[in-house]
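Welcome! Take a moment to turn the model around on your screen before reading on. The report below walks through it piece by piece.

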Amino acid sequence: VCDQVSDAVLDTCLTEDPMSKVACETATKDNMVMVAGEITTQAKIDYEKVVRAVVAKIGFDSYEDDLSSVDSKGLCDQTCEVLV
């Protein structure tokens with residue numbers, strides 16, 4: 001998940017601004033995704049949208065704050081907290 005989110009941020013920056021400089025890392029835990037690092041770009045990036053799209057594409061679409069839940073995938077594209 002983390003590598004795919006970081007790659008998506010890089011790809012989005014380079015698509016809009018080929019001169020972008022991107023050094024970002026991603027961490028995730030308990031329905032939260034955090035993107036951190038240094039990004040220099042002229043592109044206007046909606047980081048939350050990029051993160052949620054990757055999480056959805058991978059198939060993480062359910063989170064229940066209950067360790068005994070068999071339905072929770074641990075991360076939900078619609079409800080996860082996105083920190084940048």
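Leaving out residues up to four places away in sequence, Val-9 touches Cys-24, Val-35, Ile-39, Tyr-47 and Val-50. Please keep in mind that this is a predicted model. Val-9 is also among the residues that touch the most other members of the largest nonpolar core, along with Val-35, Ile-45 and Val-51. That core has 17 residues. The elements that each give two or more residues to this core are α1 (2-16), β2 and α2 (47-58). The biggest share comes from α2, with five residues. As a general background, nonpolar side chains in soluble globular proteins tend to be buried together.

**The chain as a whole**

Let us step back for a wider view. The chain has two helices and five strands, and along the sequence they follow the pattern α-β-β-α-β-β-β. Along the principal axes, the C-alpha atoms fill a box of roughly 45 × 20 × 15 Å. The chain is made of 84 residues, and buried ones make up 32% of them. Among the contacts with a separation of 6 or more, 49% join residues 24 or more positions apart. The accessible surface of the chain is about 5500 Å², and 50% of that belongs to carbon and sulfur atoms.

**The two helices**

Here are the two helices, one to a row.

| Helix | Residues in helix | End-to-end C-alpha distance | Expected span at 1.5 Å a residue |
|---|---|---|---|
| α1 | 15 residues | 22 Å | 21 Å |
| α2 | twelve residues | 17 Å | 16 Å |

For α1, the distance from the first C-alpha to the last is close to the expected one, and for α2 the two values agree.

Which residues of α1 are buried? They are Val-5, Ser-6, Ala-8, Val-9 and Cys-13. These residues cover an arc of only 160 degrees around the axis, so they sit on the same side of α1. An α-helix has 3.6 residues a turn, so residues three or four places apart point the same way. On the other side of α1, Asp-3 and Thr-15 are exposed. The cover over the buried residues of α1 includes β1, β2 and α2.

Now for α2, whose buried residues are Tyr-47, Val-50, Val-51, Val-54 and Val-55. Seen down the axis, they fall within an arc of 130 degrees and therefore line one face of the helix. The face turned away from this buried side carries Lys-49 and Lys-57, both exposed. The buried residues of α2 have cover that includes α1, β2, β4 (75-76) and β5 (81-83). Just after α2 comes Gly-59, with a positive phi of about 110 degrees.

**A residue in the first strand**

Thr-26 is a good place to look next, and it lies in strand β1. Is Thr-26 buried or exposed? Thr-26 counts as buried because its relative accessibility is 12%, and the cut-off for buried is under 20%. Its side chain makes a polar contact of 2.8 Å with the side chain of Ser-6. Apart from neighbours within four places in sequence, Thr-26 is in contact with Cys-2, Val-5, Ser-6, Val-33, Met-34 and Val-35. Two of these names may look familiar: Val-5 and Ser-6 are among the buried residues of α1.

**The loop between β1 and β2**

Finally, follow the chain onward to Asp-30, which lies in the loop between β1 (21-28) and β2 (32-40). Asn-31 has its place in the loop between β1 and β2 as well. Phi of Asp-30 is near 45 degrees, a positive value in a residue other than glycine. For Asn-31, phi is near 60 degrees, again positive in a residue other than glycine.

How exposed or buried is each of them? Asp-30 is exposed, since its relative accessible area is 51%, whereas Asn-31 counts as buried at 8% relative accessibility.

Asp-30 has partners both next to it and further along the chain. Its side chain makes a polar contact of 2.7 Å with the side chain of Lys-29. Leaving aside neighbours within four places in sequence, Asp-30 is in contact with Tyr-63 and Gly-74. Lys-73 is 43 residues from Asp-30 in sequence, and the two are 9.6 Å apart in space, C-alpha to C-alpha.

Key: Residues are numbered from 1 along each chain as its sequence is written. This is a predicted model: local features need pLDDT of at least 70, side-chain atom pairs count only at pLDDT 80 or more; totals for chains, interfaces and linings use all residues. Side-chain values use heavy atoms; hydrogens and water are left out. Helices (H or I, at least four residues) and strands (E, at least two) are DSSP runs, numbered from the N terminus. Buried means under 20% relative accessible area, exposed over 50%, partly exposed in between (1.4 Å probe, protein chains only). Contact means heavy atoms within 4.5 Å. A polar contact is a pair of N or O atoms within 3.5 Å; within protein, one must be able to donate a hydrogen and the other to accept it, and residues adjacent in sequence count only if both atoms are side-chain atoms. A nonpolar core is a set of buried Ala, Val, Leu, Ile, Met, Phe, Trp, Tyr and Cys residues joined through side-chain atoms within 4.5 Å. The expected span of a helix is 1.5 Å times one less than its number of residues. The arc is that of the directions from the helix axis to the C-beta atoms. Accessible areas come from the Shrake-Rupley method with a 1.4 Å probe; for residues, only the protein chains shown count as cover.
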